[in-house]
Amino acid sequence: MTLIVHSARVVDDGVVTENGWVRVAEGRVAASGTGDSWRASVSPETTVVDAAARAGAGAALTAGFIDLHGHGGGGRAYEDGVDAIRTARALHRAHGTTRAVISLVTAPLHDLAARVRLVADLTRTDADVLGSHLEGPFLDPGHRGAHDGDLLRAPAPDALDRLLDAGAGTIRQVTLAPELAGGLDAVRRVVEHGAAAAIGHTAAAAATAAAAFDAGATILTHAFNAMPGLHHRSPGPVGAALADDRITLEVIADGVHLHPIIVRMLCATAPGRIALVTDAMAAAGAPEGDYLLGGLDVTVRGGEVRIAGTDTIAGSTLTQDAALRVAVGAGVPLAVAVQALTTTPAQAIGRADLGRLVPGALGDLVLLSDDLRVHGVWTAGVPDRGAASRS
């Protein structure tokens, strides 16, 4: 099957190309260009989409969004099994997230290992599932957020290896607090297994965070949240990450986790190193009310998720198209914000075949109107039927 989307602002890898087009053949980007040059590639089997006709003047075409950090959506949590993962992924895919890492909250080791194996199996059948992200149990109890404090532990080699072995090479990211006993060795162990080590849910000072980065950690999990803040005499893990060009910083641009000024500041300070993530839980795209997140009771009111009876934030109801609108509304240039949804997260997990609209890359596309509403989603050139209904 061949697909051509034309007459769009093509936003790719930090650049905006006016009146552009992209051709996808056999699931991968085959060519791109400007003007009417796409016409030479049309055959009877080609599906042609006029971006301006479908999404209006100012329509934008981007690579598919990639979410490094999310826990569910559509009323279902990723911990609840295959059907729940597919339901949540359908919700997020319709909002432009063509591929995602499945984030798993803290749980008993045997449960986590079983869930990691389940996700590993899904990577072989569901191409939009990129693998798993262990957000726990190796976290600081004082910065546990919406994680069960009774289940937190230091990253002992046997516990870490049990989980890594369960993933059989499909664990993409492990978040841990490097100040815990064995923390720096755990960073090295994660990296040796081919996953990205991430620093988060931590009390680490800047020096400890920097040591973790030198040990191989390359991601800061939801910057500013569940960690010390940025102070002019105590820069903490955020300051250490901003000062290190090797580090990708996750940013939750929902207007709750971070003030819009901070979102704009981070994008300006660390260009090409920001990954806009959702940290979404089951209530994304679902009614407000009471939910479970990793065994903890949470409430959703006014679009905000809190642990029941507290002010502690417990994930979000965010989708990545909404994150794009928040970031651009905060003053982040469109090309920069799109890069944070596409190229940067792909690079963070070593997927050079995703996040860009260059020949050979997987043909994941998102068509947006000028006000950044989704009007079309294609995964490897195949249209998502739910996208238009959610625009």
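Buried means under 20% relative accessible area, exposed means over 50%, and partly exposed lies in between. Keep this handy for the exercises below, which all deal with a predicted model.

## Exercise 1: A salt bridge across the sequence

Find out how the side chains of Arg86 and Asp126 meet, and decide whether each residue is buried, partly exposed or exposed.

**Solution**

Step 1. Start with the pair itself. The side chains of Arg86 and Asp126 form a salt bridge, with 2.8 Å from N to O. Side chains of opposite charge can pair when their charged atoms come close.

Step 2. Place the two partners. Arg86 belongs to helix 2 (residues 82-94), while Asp126 sits in the loop between helix 3 (109-122) and strand 10 (129-135), so the pair ties together parts that are 40 residues apart in sequence.

Step 3. Apply the cut-offs. Arg86 has 39% relative accessibility, so this residue counts as partly exposed. Asp126 has 12%, so this one counts as buried.

## Exercise 2: More salt bridges

How many salt bridges does a search of the whole structure find? Then look at the pair Glu304 and Arg306, and at the pair Asp353 and Arg351.

**Solution**

Step 1. The search of the whole structure gives 17 salt bridges.

Step 2. Glu304 and Arg306 meet through their side chains in a salt bridge of 2.7 Å, N to O. Glu304, at 30% relative accessibility, is partly exposed, and Arg306, at 24%, is partly exposed too.

Step 3. Asp353 and Arg351 also meet in a salt bridge, here with 2.8 Å from N to O. Arg351 has 23% relative accessibility and therefore counts as partly exposed.

Step 4. Salt bridges can share partners as well: Arg89, Arg93, Asp128 and Asp384 are joined into one network in this way.

## Exercise 3: Helix 5 and its neighbours

Work out how helix 5 (residues 183-192) is arranged against helix 6 (residues 206-215), and then against helix 4 (residues 157-167).

**Solution**

Step 1. Take helix 5 and helix 6. Their axes come within 9 Å and cross at roughly 30°. Angles under 35 degrees count as roughly parallel, and therefore helix 5 and helix 6 are roughly parallel to each other. Helix 5 passes helix 6 in a right-handed crossing.

Step 2. See which residues touch. From helix 5, Leu184, Val187 and Arg188 meet Ala211, Ala212 and Ala215 of helix 6. Sorted by kind, the residues of this contact are 5 nonpolar, no polar and 1 charged.

Step 3. Turn to helix 4 and helix 5. These axes come within 11 Å and cross at roughly 20°, which makes helix 4 roughly parallel to helix 5. This crossing is right-handed.

Step 4. List the contact. Pro157, Leu160, Asp161 and Leu164 in helix 4 meet Ala186, Arg189 and Val190 in helix 5. The residues of this contact divide into 5 nonpolar, no polar and 2 charged.

## Exercise 4: Two residues in one loop

Where do Asn225 and Met227 lie, and what does each touch?

**Solution**

Step 1. Asn225 lies in the loop between strand 13 (219-220) and helix 7 (236-242), and Met227 has its place in the loop between strand 13 and helix 7.

Step 2. Asn225 is buried, with a relative accessible area of 15%. Met227 is buried, at 7%.

Step 3. Leaving out residues up to four places away in sequence, Asn225 touches His257 and Leu258. With such residues left out, the contacts of Met227 include His143, Ile199, Leu220 and Pro237.

Step 4. Compare sequence with space. Met227 and His143 are 84 residues apart in sequence, and their C-alpha atoms are 6.3 Å apart in space.

## Exercise 5: Unusual backbone angles

Describe the backbone at Pro137, Ala168 and His201.

**Solution**

Step 1. Recall the background. Most residues other than glycine have a negative phi, and most peptide bonds are trans.

Step 2. The peptide bond from Gly136 to Pro137 is cis, with omega near 15°. Pro137 is in the loop between strand 10 and helix 4.

Step 3. Ala168 has a positive phi, near 45°. This residue is in the loop between helix 4 and strand 11 (171-176) and is exposed, with a relative accessible area of 61%.

Step 4. His201 has a positive phi of about 50°. Its place is the loop between strand 12 (196-199) and helix 6, and His201 is buried, with a relative accessible area of 3%.

Definitions and conventions:
Residues are numbered from 1 along each chain as its sequence is written. This is a predicted model: local features need pLDDT of at least 70, side-chain atom pairs count only at pLDDT 80 or more; totals for chains, interfaces and linings use all residues. Side-chain values use heavy atoms; hydrogens and water are left out. Axes are lines fitted to C-alpha atoms, for helices over the stretch in contact, and angles run from 0 to 180 degrees between N-to-C directions. Helices (H or I, at least four residues) and strands (E, at least two) are DSSP runs, numbered from the N terminus. Angles under 35 degrees count as roughly parallel, over 145 as roughly antiparallel, 65 to 115 as roughly perpendicular and the rest as oblique. A crossing is left-handed if the near helix is turned anticlockwise from the far one by less than a right angle, and right-handed if clockwise. Contact means heavy atoms within 4.5 Å. Ala, Val, Leu, Ile, Met, Phe, Trp, Tyr, Cys and Pro count as nonpolar, Asp, Glu, Lys and Arg as charged, and the others, Gly among them, as polar. A salt bridge is a side-chain nitrogen of Lys or Arg within 4 Å of a carboxyl oxygen of Asp or Glu. Buried means under 20% relative accessible area, exposed over 50%, partly exposed in between (1.4 Å probe, protein chains only).
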